[in-house]
Amino acid sequence: MRGEMLWFNQAKDHGFIMTDDGERLVVAGDGFAVGEKPSGRCAHKVVTFEIGIEQGSRHARNVVFERQFAARRARLRGRGSR
């Protein structure tokens, strides 16, 4: 599934994701894939994840940040011959 990070608190080691379907899911610090745990601000970053169910509640697991590529700039063309 895809969604967007709402926030992640490093001190409390948990945060929330808003899915593309509008569901708000909790994500624990160990719910991130290896090397993907956020440090610093991560709000509004796009993530992919799986949904897990524990003790009757849904949560995000195997969360991975989608890589953001900078948009290519249009190249400047000559102004023609003068």
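## Charges and surface

In this predicted model, the chain carries 15 positive and 10 negative side chains, and the centres of those two sets sit 18 Å apart. About 6500 Å² of the chain is exposed, with carbon and sulfur atoms supplying 48% of that area.

## Overall shape

Put a box around the C-alpha atoms along the principal axes and you get roughly 75 × 25 × 20 Å. The radius of gyration is 18 Å, whereas a compact globule of 82 residues would come in near 12 Å. Of those 82 residues, 29% count as buried.

## Strands and contacts

There are 5 strands and 0 helices here, so the pattern along the sequence reads β-β-β-β-β. Among contacts with a separation of 6 or more, 46% link residues 24 or more positions apart.

## The nonpolar core

The largest nonpolar core is built from 12 residues: M5, F8, I17, L25, V27, F32, C42, V47, F49, A60, V63 and F65. At least two of these core residues come from each of β1 (2-9), β3 (24-28), β4 (46-54) and β5 (57-65). β5 chips in the most, with 3 residues. In soluble globular proteins, nonpolar side chains tend to be buried together.

Take F8 as an example from this core. Setting aside neighbours within four places in sequence, F8 is in contact with D13, H14, G15, V27, A28, G29, F32, K37, P38 and C42.

## A look at T19

T19 belongs to strand β2 (residues 14-19). Its relative accessible area is 4%, so T19 counts as buried. Not counting residues up to four places away in sequence, T19 touches M1, R2, G3, L25 and F49.

Key:
Residues numbered from 1 in each chain as written. Predicted model: local features only at pLDDT ≥ 70, side-chain atom pairs only at ≥ 80, totals over all residues. Heavy atoms only, no water. Core = buried A, V, L, I, M, F, W, Y, C linked by side-chain atoms within 4.5 Å. Buried < 20%, exposed > 50% of the residue type's maximum accessible area, 1.4 Å probe, protein only. Helix = DSSP H or I, 4+ residues; strand = E, 2+ residues; numbered from the N terminus. Contact = heavy atoms within 4.5 Å. Rg over C-alpha atoms; globule rule 2.2 N^0.38 Å. Areas by Shrake-Rupley, 256 points an atom, 1.4 Å probe, with all protein chains shown as cover. Lys, Arg positive; Asp, Glu negative; His and termini not counted. Charge placed at Lys NZ, Arg CZ, Asp CG, Glu CD.
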